[in-house]
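I opened this notebook to keep track of what I looked up, one topic at a time.

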Amino acid sequence: MTIDIGANDVLIVVDMQYDFLPGGPLGAPGADHIIPLINALATRFANVVLTQDWHPPGHVSLASSHPGRQPFETIELSYGPQVLWPDHCLWGTHGAEISAEIVIPHAQLIIRKGYNRDVDSYSGFQEADRKTHTGLAGYLKERAIDRVFVTGVATDFCVGWTALDAQSAGLQTAVIEDATRGIDTNGSMHRAWANMTTAGINRLQSNDILAA
Ligand code: VGL
Ligand code: ZN
């Protein structure tokens with residue numbers, strides 16, 4: 001399959017920040033290897049949006065905010081289950097910066113998410129309370145963008161939820177599998193792909209675009 005990319009398509013590059021790269025507190029194995037692929041894909045897109053996980057001190061998703069709790073435990077919050085994470089992507093820190101090896105000077109927009117202390121946000125579209133919107137759907141709509149291609153980390157969290165919400169917003173959505181990497185905790189990778197497949201999200205490889 002080869003796909004021609006045009007003016008109504010967007011590449012979303014999810015959370016390519018130091019804390020999610022190998023060596024970081026939530027490093028996705030192999031995430032450094034997808035950087036050249038993402039840079040190459042980005043040259044094919046006029047429209048590129050980046051997301052950036054961006055948490056205040058004491059954020060509800062951090063195990064360190066819940067005395068006695070350990071990273072990767074799940075707790076129940078008002079909006080549902082929440083996985084507790086090691087400290088990551090604290091705003092203003094080096095770990096929260098997008099890797100300098102991501103070279104996409106024409107990227108139009110960086111959507112920060114997870115900045116409300118009491119609500120997490122895996123998705124670039126909607127926070128975990130499933131009510132608070134980031135504005136990304138409105139931005140894409142105003143720009144007449146109707147196809148979304150998702151890359152980045154983590155496949156099983158922020159990539160997956162971003163793709164599911166894009167598809168729910170009425171955008172035709174694909175995940176470029178070899179340009180993503182996962183964390184895979186407690187079966188999360190299997191679950192994410194099952195949910196994306198059920199939602200009708202396309203599962204592509206970078207060559208489907210780069211070979212065109
Ligand atoms: C992410 C866990 C916590 C992600 C963000 O980018 O997938 N995962 N915060
Ligand atoms: Zn986070």
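My entries below cover two helices and a ligand.

**Ground rules.** I note that this is a predicted model, in which local features need pLDDT of at least 70 and side-chain atom pairs count only at pLDDT 80 or more, while totals for chains, interfaces and linings use all residues. Residues are numbered from 1 along each chain as its sequence is written, ligands are numbered from 1 in the order in which they are written, and side-chain values use heavy atoms, with hydrogens and water left out.

**Helix H1.** I looked up H1, residues 35-42 (helices are DSSP runs of H or I with at least four residues, strands are runs of E with at least two), and found Ile 35, Ile 38, Asn 39, Leu 41 and Ala 42 buried (under 20% relative accessible area, with a 1.4 Å probe and protein chains only). Seen down the helix axis, these buried residues of H1 fall within an arc of 165° (taken from the directions from the axis to the C-beta atoms), so they line one face.

**Helix H3.** Of the 14 residues of H3 (155-168), 11 are buried, so the helix is largely enclosed by the rest of the structure. Its cover includes strand S4 (80-83), strand S5 (109-113) and helix H4 (188-199), where contact means heavy atoms within 4.5 Å.

**Ligand 1.** Among the residues surrounding ligand 1 I found Asp 53, His 88, Phe 157 and Cys 158, each having a heavy atom within 4 Å of the ligand. Phe 157 and Cys 158 are also on my list of buried residues in H3. A backbone N or O atom of Cys 158 lies 3.0 Å from an oxygen atom of ligand 1.

Note on methods: Buried < 20%, exposed > 50% of the residue type's maximum accessible area, 1.4 Å probe, protein only. Polar contact = N/O pair within 3.5 Å; in protein donor to acceptor, adjacent residues only side chain to side chain.
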